[in-house]
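Here's a quick briefing to read with the structure open beside you. Take it one topic at a time and find each spot on screen as you go.

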Amino acid sequence: MSLRGSARRREIQLAYLLLSPALLLLLTVLAYPVGWELWTSLTDLSPLSDGPQAFVGIENYRRLLGEAEFWRAAAVTVVYAAVTSVAKLALGLGFALLLARPFRGRAFVFLAIFLPWAYPAGVSVIGWYWTLNPPTRTAYAPFMGHLKFVVDSAFGGGAWAFASVILFNIWRGSSFIAVLLLAGINAIPPELFECALLESKSAWRRFHLVTVPLLKPFLALGVFLSLTSAFADLANVWMLTAGRIVFPVIGTHAYWLATKAGQFGPASALSLTLVPFLLGVLFLLFRLFDPPEREAA
Amino acid sequence: MNPRPWWAKLGHLSLLLLTTVYCLFPIYFMLVQSLKTPEEDVFGNPFIVMNPTLENFEELFERKSEVRGFVGDALRRSYPFLDWLANTLFIFAGSVAATLGASVAAAYALGRLRPPGFRWWRRAIFAAYVVPQTILFIPLFQVVNGLRLDDNLLALLLIYPSMALPFCVWMLSAFFQHLPREIEEAALIEGASRATAFFRIILPMSRPVLVAAGIFTLGTVASDFMIASVFLLTPHNQTITAGLGTFDVALDELAAVAGVNLLAIPVVTISAVFARGYVRGLTAAMVEGA
């Protein structure tokens, strides 16, 4: 073995050594739980029954696909994810473009746009809940109650809760995407925009022929992170509706099945139905963000 | 550039105003609520506070023995808020440190040392985001129990880093990968060890990206509600987030909003101080479309 070769081998060993803490962490926190979920989704495990768990194959999945409830939850989830993602992208892109050019007070506006994400969501969701569903004695309770009544009677029960969850998700998410896209815009050499300015007078043409294609990888990253958070969004929905299932998304439905009905098997199957879809989106993201032709670099 | 007409300026200005109000209003509203007296909460204007008071904040720090007014123990719970604060600080600082440590090590391995298939390693780590958190806490509970960490703050210190790590590894390794190889090689030729070259040259150069990773981790950790509420049960072990989740809506609305602000103020201050660095770091990681 040449000197160069043994040095390279030591480098590779060092690389695995340095990777190990991160991998160990992810394995502990994710690998066993995911394995458990996969296995449980094939059984009838329940904390409520005494007998040993039985292997039932794909029975849980089969039954799921036959349930109207599942399709309703899936439809609500898709609407929820689509509405929030589109709104977040649109607002985020708007904010980022607003901040892209210098103007007086830009630092202040930037900070304002950054804050909804930076504000700790674990507690702001509590604040939002009490703002949108105030205790009856507060001064604005009649107004909010009236609003809830109007929205619910126009769009059906649960509409207000649905709207409030969507509003919260958009408020926080658009802030994150705006900052991500602003960073993306900063990463693009300004000459490209100057060239575009010479080539075309129409701001719209410059926007969709130059800005959007250049930002595509960052838009894709934003969409992916937005979708994963929306599909797995359980805490926000659960909190903002105070645990009442007024409209089930797949996350809350699975949570309810597991904790209230004690059906671990179907609950696991239900939450795993999200995975193939997210994997598909992830592969699209990798194609945009980490293109294969750079493999040789 | 030719000067823009007045209507374009006006449009720009009102857009800025609209954006600012949209972003800040909920934060402003929560701040105003927390400064109100109970009387004003009932009779006052919801959007402004006439007689700001800090009594809601003080209430959080009161001990059980100090019963206020005629409202007895039965109605007014007392909260170990100082414990919550200490726990939260410990968890946030610990999670950011652990995440940064693990992701810098992994990112250096993937971006500089490049073991065979490093791209796939990086993709596999990032793919952790595909796993839905929904009912993951049930098997996670078994893991935590197995490690004897139930109802222990350290459980969060194990779980939180896994939520921010994939993105941080992705960002940092993209940055490391694009640093020219010569930078390090020059130091190695001069006789420096790999570790010296890393700590003296690479690490100082990557400060903006480290800031970005740190702020991202802080934001992720502070956004969790579920994990904290599921894994921390006794009041003295809770973080502010888990603790506030146990408040009763009808009774403690103002105190809870005060608690929200007490956590938000330090987190927001830190994030605001580093906000520009955050964007710069994200940009640095993205240059060349990593």
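What follows is a short tour of the two chains, how they meet, and a few residues worth finding.

Keep in mind that this is a predicted model. For the complex, the predictor reports an ipTM of 0.85 and a pTM of 0.87. Chain A has 13 helices and 0 strands, while chain B has 14 helices and 0 strands.

**Chain A overall**

- Reading from the N terminus, you meet the elements of chain A in the order α-α-α-α-α-α-α-α-α-α-α-α-α.
- Chain A has 297 residues, and 42% of them are buried.
- Take the contacts in chain A with a separation of 6 or more: residues 24 or more positions apart account for 71% of them.

**Chain B overall**

- Chain B also reads as a run of helices from the N terminus: α-α-α-α-α-α-α-α-α-α-α-α-α-α.
- Of the 290 residues in chain B, 45% are buried.
- Among contacts in chain B between residues at least 6 apart in sequence, 73% link residues at least 24 apart.
- How does chain B compare with a compact globule of 290 residues in radius of gyration? The globule would come out near 19 Å, but chain B has 24 Å.
- Along the principal axes, the C-alpha atoms of chain B fill a box of roughly 75 × 70 × 35 Å.

**How confident the predictor is about chain B**

- The average pLDDT of chain B is 82, and 91% of the residues score at least 70.
- Which element of chain B has the highest mean pLDDT, and which has the lowest? Helix α4 (residues 81-113) of chain B has the highest, at 91, and helix α2 (residues 38-43) of chain B has the lowest, at 74.
- Residues 69-74 of chain B have a pLDDT below 50, and this stretch has 3 contacts in the model beyond near neighbours in sequence.

**The two domains of chain B**

- Chain B splits into domain 1 (6-53) and domain 2 (81-286).
- Taken over C-alpha atoms, the centres of domain 1 and domain 2 of chain B are 32 Å apart.
- Where they meet, 7 residues of domain 1 of chain B are in contact with 5 residues of domain 2 of chain B.
- On the domain 1 side of that meeting place, the elements giving two or more residues are α1 (6-34) and α2 of chain B.
- α1(B) gives the most to that side, with 4 residues.
- By class, the domain 1 side that touches domain 2 of chain B has 3 nonpolar, 2 polar and 2 charged residues.

**Where chain A meets chain B**

- How many residues of each chain take part? In all, 80 residues of chain A are in contact with 79 residues of chain B.
- Helix α1 (residues 3-40) of chain A supplies the largest share of chain A's side, 19 residues.
- That side of chain A divides into 62 nonpolar, 13 polar and 5 charged residues.

**Val29(A), a residue that touches chain B**

- You'll find Val29(A) in helix α1 of chain A.
- Is Val29(A) buried or exposed? Val29(A) is buried, because 23 other C-beta atoms lie within 10 Å and the cut-off is 20 or more.
- Leaving out residues up to four places away in sequence, Val29(A) touches Leu140(B), Leu158(B), Ile159(B) and Ser162(B).
- Val29(A) and Pro266(A) are 237 residues apart in sequence, and their C-alpha atoms are 22 Å apart in space.

**His253(A), another one to find**

- His253(A) sits in helix α11 (residues 250-259) of chain A.
- His253(A) counts as buried because it has 25 C-beta neighbours inside 10 Å.
- Not counting residues up to four places away in sequence, His253(A) touches Ala73(A), Pro248(A) and Leu270(A).
- Between His253(A) and Glu191(A) there are 51 Å from C-alpha to C-alpha, and they are 62 residues apart in sequence.

**The largest nonpolar core**

- The largest nonpolar core has 157 residues.
- The residues with the most contacts inside this core are Val179(A), Leu181(A), Met171(B), Leu172(B) and Ala212(B).
- Domain 1 (6-53) and domain 2 (81-286) of chain B each give at least three residues to this core.
- Leaving aside neighbours within four places in sequence, Leu172(B) is in contact with Ser103(B), Val104(B), Ala107(B), Val209(B) and Ala213(B).

Terms used: Residues are numbered from 1 along each chain as its sequence is written. Chains are lettered from A and ligands numbered from 1 in the order in which they are written. This is a predicted model: local features need pLDDT of at least 70, side-chain atom pairs count only at pLDDT 80 or more; totals for chains, interfaces and linings use all residues. A residue is buried if 20 or more other C-beta atoms lie within 10 Å of its own, exposed if 12 or fewer, and partly exposed in between; C-beta atoms are placed from the backbone. Two residues are in contact if their C-beta atoms, placed from the backbone, lie within 7 Å. Ala, Val, Leu, Ile, Met, Phe, Trp, Tyr, Cys and Pro count as nonpolar, Asp, Glu, Lys and Arg as charged, and the others, Gly among them, as polar. A nonpolar core is a set of buried Ala, Val, Leu, Ile, Met, Phe, Trp, Tyr and Cys residues joined through C-beta atoms within 7 Å. Domain bounds come from an automatic or database domain assignment. pLDDT is the predictor's confidence in each residue, from 0 to 100. The radius of gyration is taken over C-alpha atoms; the globule rule is 2.2 Å times the number of residues to the power 0.38.
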